[in-house]
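Okay, thanks everyone, let me get the structure up on the screen. I'll talk you through a few parts of it, and please keep your questions for the end.

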Amino acid sequence: MKKWIAASLIASVMASGTALARIPDPVRIAIDVPYEPFVERAPDGSLKGFEIDLGNELCKRASLNCTWVEQGWDGLIPGLLARKYDAILSSMGITPERERQVMFSIPYYNTPSVFLTSRDRDINFDDKASLKGLTIGVQRGTIRDVYLSGQYADTFNIRRYGSSEDADNDLKAGRLDLIMEDLGVATSTLDFKTQDSPFKQIGPTLSTPTSIFGKGSGIAFRKRDQDLADRFNQAIRDVYADGTYYTLMDKYFDYDLSTPPDGMSRPDK
């Protein structure tokens, strides 16, 4: 009996140790660079942007030692599953397809997607036949790529890019008729809202259907790493509750992209 009790105690301690070991030190967080204003490279080579500031604050709140790992968009989920890093904080929309592969935190932001073209172009989205043969740029593997592939594969000539920056640059160079982009990125990189901008929005602003565009952007984890996800979920709630989230948001955006959890309201409003 004593041997059995001792063995049970040892097993219990080992199980507890295993549970604690599920949170690594450091926690390696993957991000796709650049994706202004969410992440970009500073002149000294360091990373900066909304998601960098937010991620660092979340790690602080969760008492985690975190490091950033740069990873191209196409390889983000495969790299997580291959244990190259422990989480993805890179504007990844929470969609049913991705939820089959990974576990997400609660959303930390949500922005719609927009179509942009040169200001001197006349493109009519209400006349789908007139869109036939136009070349549209989009970042490969994003929710916008999924949307275009499903809705416009027989209409647009879809040109896919490894980064949103490459698509934006080709629009600037006149090699594309239009692009589909995240609103936040488009506002930062193409400044399309000002009257003297060479670019303008056309067509609809899209955030539905949720089966494609998801419920907002969340942090992705391997499905077994519930303890780590719980730490980040609480940290997200904390930065919303005391207003830190809004201070960071207002630093980078002139519009609201918040997704306050549990019905929280902005403290300073």
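Let's begin with one pair of residues: leucine 116 sits opposite isoleucine 179, which belongs to strand 10. Before I go on, a reminder that what you see is a predicted model.

That pair is part of a longer stretch. Strand 7, residues 113-118, and strand 10, residues 178-182, run antiparallel, and 5 bridges join the two. As for what packs there, helix 7, residues 183-190, lies on the sheet and touches strand 7, strand 10 and strand 11. Its direction makes about 115° with that of strand 10.

Now let's zoom out to the whole sheet. What is the order of the strands? Going across, you read 9-8-10-7-11. That's 5 strands in an open sheet, and the pairing is mixed. At the edges you have strand 9, at 157-161, and strand 11, at 199-206; each has a single partner strand, so one side of each has no neighbour in the sheet. Neighbouring strands here are turned by 30° against each other on average, if you ignore direction.

Next up, helix 6, which covers residues 164-172. Which of its residues are buried? Ser164, Ala167, Asp168, Asp170 and Leu171. These buried residues cover an arc of only 160° around the axis, so they end up on the same side of helix 6. And what do they pack against? Strand 7, strand 8 (that's 135-139), strand 9, strand 10, strand 11, and also helix 7. So if you are following the sheet order, every strand name you just heard is one from 9-8-10-7-11. After helix 6 comes glycine 174, and its phi is positive, near 80°.

A quick stop at a loop residue. Threonine 155 is in the loop between helix 5 and strand 9. Buried or exposed? Threonine 155 has 7% relative accessibility, so it counts as buried. Leaving out residues up to four places away in sequence, threonine 155 touches Lys128, Leu131, Lys132, Gly133 and Leu134.

On to the empty space. How many cavities of 30 Å³ or more does a search of the whole structure find? It finds 1. The largest cavity holds about 200 Å³ of space. There are 20 residues lining that cavity, and the closest to its centre are Ser91, Ile143, Arg144, Asp182 and Ser217. Two elements give two or more residues to the lining: strand 5, at 87-93, and helix 5, at 143-151.

Then there are the pockets. The largest pocket has a volume of about 280 Å³. It has 16 lining residues, and Ile77, Glu97, Arg98, Gln101 and Gly141 are the closest to its centre. Which elements give two or more residues to this lining? Helix 3 (76-81), helix 4 (96-99), helix 5 and helix 8 (210-213). The largest share comes from helix 3, with 3 residues.

Last, the chain as a whole. We have 10 helices and 12 strands. The C-alpha trace spans about 85 × 40 × 40 Å along its principal axes. Of the 269 residues in the chain, 50% are buried. And if you take contacts between residues at least 6 apart in sequence, 68% of them join residues at least 24 apart.

That's my tour, so over to you for questions.

Technical notes. Residues numbered from 1 in each chain as written. Predicted model: local features only at pLDDT ≥ 70, side-chain atom pairs only at ≥ 80, totals over all residues. Heavy atoms only, no water. Pairing = 2+ DSSP bridges. Helix = DSSP H or I, 4+ residues; strand = E, 2+ residues; numbered from the N terminus. Axes fitted to C-alpha atoms, helices over the stretch in contact; angles between N-to-C directions. Contact = heavy atoms within 4.5 Å. Buried < 20%, exposed > 50% of the residue type's maximum accessible area, 1.4 Å probe, protein only. Arc of directions from axis to C-beta. 1 Å grid on protein atoms, 1.4 Å probe; cavity = no way out; pocket = protein on both sides within 12 Å on 5 of 7 lines; lining within 4 Å. Points joined across faces, edges and corners; volume = space filled by probe spheres on them.
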